[in-house]
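Please open the model in a viewer and keep the sequence panel visible. The tour proceeds by selection, with a short account of what is found at each stop.

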Amino acid sequence: DMRPEDMTAGDRNAILINARINGLGPEYRHDEIQCKTCGESFEPDVDLSLLVSRGLDTEPDENFEFDYILPTMNIPIKFRILNVEDENYLSKIMQSGGNQKKNSKYKVAPIITERYLRQIMQVRDRREKLYTRKMIEVMPTKDSLAFREYVKLVTPGIDLNYEVECPHCASKFVHELTLNPVRMF
């Protein structure tokens, strides 16, 4: 009964990667990247079977929401993990220039405000979006960064980081796999 849009990005990525491995094998030629040492470009080969799953370290409540206390503001919030529909919505905002600060009085870029409005379900004991928006607009950068790091920690999925070796200078570095569905199949 689950629609693909209701899945988390981690679930979608796991299904895509497993379908690719089962259908065509684990070898995947990544889009072109640039070496961090010598600056040369190359297309690394990735063994998709070596990617590791990240499970839930913290369990959500009965509403699939997580608890967090913003460290500087000392405000308790409840949040959920974004799904594919949320990610698609945010992507459209980004494409339309939604990352530009429209009013310098606010510390948070519009795209981050929209992300948080979809993600943060409760501030203190209140679930009104207007109340949440007002809190987001005055949220210190330190709280925003800490919250995003915590969200990464509790979000299950596939760790898309892998080590590559530059064929030009033999330098090794970690790169994040970018899933390109057109190239995956």
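The stops below take helices and strands in turn. The coordinates belong to a predicted model.

**Stop 1: helix H1**

Select residues 9-24, which form helix H1. At 1.5 Å a residue, its 16 residues should span 22 Å, and the end C-alpha atoms are indeed 22 Å apart, so the expected and modelled spans agree. Next, colour Ala-9, Gly-10, Asn-13, Leu-16, Ile-17 and Arg-20, which are buried. Viewed down the axis of H1, these buried residues fall within an arc of 130°, and they therefore line one face of the helix. The general rule behind such a pattern is that an α-helix has 3.6 residues a turn, so residues three or four places apart point the same way. Turn to the other side of H1 to find Asn-22 and Gly-23, which are exposed. Finally, select Gly-25, which follows H1 and has a positive phi, near 100°.

**Stop 2: the sheet S6-S7-S8**

Display strands S6, S7 and S8, an open sheet of three strands in that order with antiparallel pairing. Which strands stand at the edges? They are S6 (66-70) and S8 (120-123); each has a single partner strand, so one side of each is left without a neighbour in the sheet. Neighbouring strands of this sheet are turned by 30° against each other on average, direction ignored.

Now focus on S7, residues 75-79, which is joined to S8 by three bridges in an antiparallel arrangement. Within this pair, select Lys-78 and look across to Gln-122 in S8, which stands opposite. Add helix H3, residues 110-119, which packs on the sheet and touches S7 and S8. The direction of H3 makes about 75° with that of S8. Add helix H5, residues 141-154, as well; H5 packs on the sheet and touches S6, S7 and S8. The direction of H5 makes about 155° with that of S6.

**Stop 3: helix H5**

Keep H5 selected and check its length. Its 14 residues, at 1.5 Å each, should span 20 Å, which agrees with the 20 Å between its end C-alpha atoms. Which residues of H5 are buried? They are Asp-143, Ser-144, Phe-147, Val-151 and Val-154. These residues cover an arc of only 100° around the axis, which puts them on the same side of H5. Show their surroundings: the buried residues of H5 pack against S6, S7, H3 and S8. The face of H5 turned away from the buried side carries the exposed residues Lys-142, Lys-152 and Leu-153.

**Stop 4: Ile-136 in helix H4**

Select Ile-136, which lies in helix H4 (residues 129-138). Is Ile-136 buried or exposed? Its relative accessible area is 0%, so Ile-136 is buried. Then add Thr-113: although Ile-136 and Thr-113 are 23 residues apart along the chain, their C-alpha atoms are separated by 6.5 Å.

**Stop 5: the hairpin S10-S11**

Select S10 (residues 161-165) and S11, which run antiparallel and are joined by five bridges. The two strands form a hairpin with six residues between them, and Ala-170 in the turn has a positive phi of about 65°. Val-164 stands opposite Phe-173 in S11. To finish, colour S11 (residues 172-176) by face: Phe-173 and His-175 lie on the covered face, while Lys-172, Val-174 and Glu-176 lie on the uncovered one. In a regular strand the side chains alternate between the two faces of the sheet.

Notes
Residues are numbered from 1 along each chain as its sequence is written. This is a predicted model: local features need pLDDT of at least 70, side-chain atom pairs count only at pLDDT 80 or more; totals for chains, interfaces and linings use all residues. Side-chain values use heavy atoms; hydrogens and water are left out. Helices (H or I, at least four residues) and strands (E, at least two) are DSSP runs, numbered from the N terminus. Buried means under 20% relative accessible area, exposed over 50%, partly exposed in between (1.4 Å probe, protein chains only). Two strands pair if DSSP finds at least two bridges between them. Axes are lines fitted to C-alpha atoms, for helices over the stretch in contact, and angles run from 0 to 180 degrees between N-to-C directions. Contact means heavy atoms within 4.5 Å. The expected span of a helix is 1.5 Å times one less than its number of residues. The arc is that of the directions from the helix axis to the C-beta atoms.
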